[in-house]
4 protein chains.
Amino acid sequence: MHKGRLEAFSDGVLAIIITIMVLEIKVPHGHDFAALKPLLPVVLSYILSFVYVGIYWNNHHMMLTSINRISGNVLWANLHLLFWLSLIPFVTGWMGENEFAPATLALYGFVLLMNALAYFVLQRQIIAADGPDSVLAHALGKDLKGKLSPLLYCLGIAASFVNSWVAGAFYVFVALIWLVPDRRIARMLKAGEQH
Amino acid sequence: MHKGRLEAFSDGVLAIIITIMVLEIKVPHGHDFAALKPLLPVVLSYILSFVYVGIYWNNHHMMLTSINRISGNVLWANLHLLFWLSLIPFVTGWMGENEFAPATLALYGFVLLMNALAYFVLQRQIIAADGPDSVLAHALGKDLKGKLSPLLYCLGIAASFVNSWVAGAFYVFVALIWLVPDRRIARMLKAGEQH
Amino acid sequence: MHKGRLEAFSDGVLAIIITIMVLEIKVPHGHDFAALKPLLPVVLSYILSFVYVGIYWNNHHMMLTSINRISGNVLWANLHLLFWLSLIPFVTGWMGENEFAPATLALYGFVLLMNALAYFVLQRQIIAADGPDSVLAHALGKDLKGKLSPLLYCLGIAASFVNSWVAGAFYVFVALIWLVPDRRIARMLKAGEQH
Amino acid sequence: MHKGRLEAFSDGVLAIIITIMVLEIKVPHGHDFAALKPLLPVVLSYILSFVYVGIYWNNHHMMLTSINRISGNVLWANLHLLFWLSLIPFVTGWMGENEFAPATLALYGFVLLMNALAYFVLQRQIIAADGPDSVLAHALGKDLKGKLSPLLYCLGIAASFVNSWVAGAFYVFVALIWLVPDRRIARMLKAGEQH
């Protein structure tokens, strides 16, 4: 089974997700700069979610570059990830329009958490399909970032009900630790180019 | 005639269909969890339709992997299938917003039925274009699932006017029997790799 | 200059155009079949426009299959065609929501006319880029359908102000004569496979 | 790292951006030509933005054709450009619906300016990844158009608060100087085909 269409379909869905989020930034009725002010939380939410979807696209790209074989389970694990990613525009809009109210921050964190878990499941399925000598398996190693993120999301969810700024800081922090592209895979791929 | 652009165009349309459905989950005005409660039927409808579009993408993918030649008829049979798939967001939205009212459940089943028939027609056209020794033709065999599904959709449509839960159960059941990827084609492809 | 990204970008835009049209079919507030009745003109408009965009995709596909070289002019002629195609969802929605009122039918015909002219310009640019021995140039021959269509659109626009049914009939008729895929190119391509 | 998926993802996002802008042209309630008149500024804004996104797609296409290697930095510089491009539908809608009010014209110019800067950053990252003998680096030379555009956008932003026509003229003028495809790269590519 070729990975070409899996990549094409995922690229399509991710491109649409990242773009329809902008539709939540509704054109205001006023025509001066003051009319833009209420949009600030919506725009901030959009930026954070744009970065998250960008991170997922980037890592998805790297992960699939490193593999050769996919299976039926990989197809479904990928669709499962796309499902949770597809909910990002909704939770982003809800959070932005309600100026980071506790429940909206918590739901945002929950969807991020589910995305992280879905990504983890996809990773496992890819490694299983690719065989025990999978470049990906070696590249991941202990996968510290992958294990730390869900924990940080949980802390963010809990913090949502105490202090919006702290919750937001957790979500921004996870984005920052992932913004660094996954050099582990890049390094392993380079090392593995002995053919 | 190459199948590349047919796959690319279908991937594009399917990616958009699966993603714009999420736009039906309108951001609620309230900012607490109670505001999410009325969204439950909309979200459940979204999940079911997401799974259906995922199944179609999966099977479409498998079916086209197994063939070599396409014809003008295949292009149009494919567009016909995409037409019925494109109505899924509409019927999903109508069903979800009206909490599975009888008419909305019946129309949902009708669109699923038309999709099944359009898929069947596409299959026939592909086999006709691919020649009598088509791997696909052998792989399908008696195509039990393909013949059973329309029947189950009809039962679901009839049940819509009697009991919403029974109708819903029919639609969920068909999704479940298709969630298993089409191992028949995979098996035949593997067996056919003698060149 | 490779045609790959031109095809990919056009596929993307066409896939979105054909799919966002369905967003004009707004989910009705009622939950019985009677609530669907006012949607009939919207759905009929959608079907006609779906077929038109499908025809453009099909012919665009065939036309680009037959060529090897593209130029900067081809890129812009293609974007010009995509511009007019992108207006189809708007005129479809306006026509459907106003139950085929004269002005809406005339504007629909005007956009179809501009699409036909843009397609003609693209064809000329492709032939110019591909050289005098272009397969496409031979395949087109007198291009009867291509010359007849603008005339029929003009008649449809004129008829819009007299009788809606006659205008609609013109637009449906043009779609029907194009539904037949462009066998001329297919034939020439087959004949040209002497390498 | 292959550039294939970077191109595919960018094509997807650009195709969606160029198409969802048309959703800002809301179907009017009236059914005669007079109902279209208030849409004129929206349509004019749409045309200008369509041309701008088209220019970015064209130049992006040319730039990536000329390179072989990409890096993690290129991926993020590309996402950064896509972010600013994704704001074009919003500023286009705001400007069109408010008939080119000063603040809307200035914000439109600001987003164009940020796009130009993001494109410049992407260019630098690509040259850095591609090595000092990069065809792109030679092709760009002094990059007069690239350096002139931000200046003209700044003049347009300043003019927004004085005279709408002058501001608009600046934005149209920059589009016109870029409409000419980047012949420098084409020329260099041709000259460089000595392998």
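In this predicted model, two salt bridges are found by the rule across the interface of chain A and chain B. One of them pairs R5(A) with E7(B), whose closest N and O atoms are 3.9 Å apart. The interface of chain A and chain B also holds 5 residue pairs in polar contact, both residues of each pair being at pLDDT 80 or more. On chain A, the side that touches chain B draws at least two residues from each of α1 (4–20), α3 (72–86), α4 (88–97) and α5 (102–130). The greatest contribution to this side comes from α1(A), with 9 residues. Sorted by class, the side of chain A that touches chain B comprises 21 nonpolar, 7 polar and 3 charged residues.

In terms of extent, 31 residues of chain A contact 36 residues of chain B. Between them the two chains, A and B, bury about 2,900 Å², of which 77% is on carbon and sulfur atoms. R5(A), F9(A) and W76(A) account for 29% of the area that chain A buries against chain B, more than any other three residues. R5(A) thus appears both among these three residues and in the salt bridge with E7(B).

The interface of chain C and chain D was examined in the same terms. Here 31 residues of chain C are in contact with 36 residues of chain D. Chain C and chain D bury about 2,800 Å² between them, with 77% of this area on carbon and sulfur atoms. The residues of chain C that lose the most area to chain D are R5(C), F9(C) and W76(C), which together make up 29% of what that side buries.

Across the interface of chain C and chain D, 2 salt bridges are found by the rule. In one of them R5(C) is joined to E7(D), with the closest N and O atoms 3.8 Å apart. A further count gives 5 residue pairs in polar contact across this interface, both residues at pLDDT 80 or more. The side of chain C that touches chain D takes at least two residues from each of α1 (4–20), α3 (72–86), α4 (88–97) and α5 (102–130). Of these helices, α1(C) gives the most, with 9 residues. The side consists of 21 nonpolar, 7 polar and 3 charged residues.

A turn of 90° with a shift of 0.0 Å along the axis lays chain C on chain D with an RMSD of 0.0 Å. This is the relation of a four-fold axis. The C-alpha of G12(C) is the nearest to the axis in chain C, at 4.3 Å. The copies use different surfaces, since 3% of the contact residues of chain C recur in chain D.

Chain A and chain C do not touch, and their nearest C-alpha atoms are 9 Å apart. Likewise, no contact joins chain B and chain D, whose closest C-alpha atoms are 9 Å apart.

Note on methods:
Residues numbered from 1 in each chain as written. Chains lettered and ligands numbered in written order. Predicted model: local features only at pLDDT ≥ 70, side-chain atom pairs only at ≥ 80, totals over all residues. Heavy atoms only, no water. Contact = heavy atoms within 4.5 Å. Buried area = accessible area lost by both parts, 1.4 Å probe. Salt bridge = Lys/Arg side-chain N within 4 Å of Asp/Glu carboxyl O. Polar contact = N/O pair within 3.5 Å; in protein donor to acceptor, adjacent residues only side chain to side chain. Helix = DSSP H or I, 4+ residues; strand = E, 2+ residues; numbered from the N terminus. Nonpolar A, V, L, I, M, F, W, Y, C, P; charged D, E, K, R; others polar. Least-squares fit on C-alpha atoms with pLDDT ≥ 70 in both.
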